[in-house]
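Reader: I am new to reading protein models and would like to learn how a ligand and its surroundings can be described. Could we go through this one together?

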Amino acid sequence: MILKGKKIILGISGGIAAYKTPQLVRLLKKAGAEVRVALTASGSRFVSELSLATVSGEPVFREMFPPLDLPGTDFTRHISLGEWADALVIAPATANTIAKLAAGLCDDMLTACFITLRPGKPVLIFPAMDGQMYRSGSLQRNIALLTGQGCTVIEPENGDLASGQCGTGRMPEPDVIAQRIGMALQNATPDSPLRGRRVVVTAGPTREKIDGVRFISNYSSGKMGFALAEAARERGAEVTLITGPVHLDTPVGVERLDVENACEMYEAAKSLYGLCTVFIAAAAVADYRPELVLEGKLKKNSSHLQLNLIRNPDILAEFGTGKRPDQLAVGFALETGDGLEEAYRKLQEKNLDLVAFNTFDRKTSGFEVDTNVLTLIDRNHTETVLPLMQKKDAARQLLDCIEQLMHSGR
Ligand code: CTP
């Protein structure tokens, strides 16, 4: 959402990872950004100018000096392109380009854009190179210089490198870069009351052990909680995601704490109760756990087996009933029938500021699926009925409601 209408210069220098950049341009355009590409001479050996011009829908900028014979030529484009941009992203950034940026050299459009970018506009640099090059003292010194002048230099990923070796030097995938750009732009636009506030989100199922090989759990996939964590991060919040066992990637910029059972989730959450401004409980916490956990494997010795279960702590209720006036408690009420009254009961009993009443039909809403149907009920009993939508969109709507509550003094 944040990328919509934003003007981004993508600077591409000469590394093998440049082959991924047309995909990055596509992602940024799909998110509504305007993208112009500044390609170095070495970069053009790894990715074609024609590919980049086609996906961006714009001419690609290379030489500092424009062709003299074209009508309508902008003779000061080495200045106007930098002035136009909301952000400059350099991916991949080679050791050579980083050295030029650090030294203030300006001999092509990429380096010119860096120097002419307006103050306060984010610069994101994604180094990508051989692991040894990345660790070299000269490169690290140049990175430190750039970081010192306000650039964000993103540490490359660990994995297979073009040299055939394995190490730190890989450029992140285009979707991760796009998210990073979104975060940087968000941070440059101070508007959300969530900015700089700590938001804690619980997500996923919990597993309650029966014996060494079995557990009680549920079908929660964690998708709603992860979407909320990502959406809160997009608005500039410091997000901690406490999650049960799920198969999801951690959203970029979110701190993740992995737990297995309800008691572990409770302990992790409790340590953050006092620190957070907003506590969002999206986890499907098991209400009960086996009283005794058997070591090894339970044998089938009889025709019936009785398990004694005891109550788990209610993580959200404890936060909600003990919260300070400046804190907000947000929960979900997943109900199988017409459970709106149940949602109101949970709003009141757990002292919530907002409850998301969640219907459940296994195809469009509830566990595992990518979509959800929510009704948001706030502490003033204002109901917002959301239609069927992607969980990511539902997460944004929910955060809009939280922001409104924060604006109205809660
Ligand atoms: N929740 C929690 N800790 C628990 C149980 C629930 O934090 N031990 C949170 C959930 O994350 C959710 C909300 O409380 O945000 C409501 O959970 P739900 O399972 O719908 O309701 P319960 O309180 O467990 O009540 P019931 O099982 O009677 O419906």
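**The ligand and its pocket**

Author: In this predicted model, 15 residues surround the ligand, and those that come nearest are Ala281, Ala283, Phe332, Lys346 and Lys350.

Reader: Which residue has a polar backbone atom 2.8 Å from an oxygen atom of the ligand?

Author: Backbone atoms approach the ligand at several places: a backbone N or O atom of Pro313 lies 2.9 Å from a nitrogen atom of the ligand, and for Ile315 the corresponding distance to a ligand nitrogen atom is 3.1 Å. The contact that involves a ligand oxygen atom, at 2.8 Å, is made by a polar backbone atom of Phe332.

Reader: Which element gives the most residues to the shell around the ligand?

Author: Three elements, α11 (315–322), β16 (328–334) and α12 (340–349), each supply at least two residues of this shell. The element that gives the most, with four residues, is β16.

Reader: What is the volume of the largest pocket?

Author: The largest pocket is the space taken by the ligand, and it is lined by 39 residues, with Ala283 and Phe332 among those nearest its centre. Its lining divides into 17 nonpolar, 11 polar and 11 charged residues. The volume of this largest pocket is about 900 Å³.

Reader: How many charged residues are in the lining of the second largest pocket?

Author: The second largest pocket holds about 600 Å³ of space and is lined by 24 residues, including Glu230, Asp249 and Lys392, which are among those nearest its centre. By class, this lining has eight nonpolar and four polar residues, and the number of charged residues is 12.

Methods:
Residues are numbered from 1 along each chain as its sequence is written. This is a predicted model: local features need pLDDT of at least 70, side-chain atom pairs count only at pLDDT 80 or more; totals for chains, interfaces and linings use all residues. Side-chain values use heavy atoms; hydrogens and water are left out. A residue is near a molecule or strand if one of its heavy atoms lies within 4 Å of it. A polar contact is a pair of N or O atoms within 3.5 Å; within protein, one must be able to donate a hydrogen and the other to accept it, and residues adjacent in sequence count only if both atoms are side-chain atoms. On a 1 Å grid over the protein atoms alone, a cavity is a set of points where a 1.4 Å probe fits but cannot get out, and a pocket is an open set with protein on both sides within 12 Å along at least five of seven lines; lining residues have an atom within 4 Å of a point. A molecule sits in a cavity or pocket if more than half of its atoms lie within 2 Å of its grid points. Grid points are joined across faces, edges and corners, and a volume is the space filled by probe spheres set on the points. Ala, Val, Leu, Ile, Met, Phe, Trp, Tyr, Cys and Pro count as nonpolar, Asp, Glu, Lys and Arg as charged, and the others, Gly among them, as polar.
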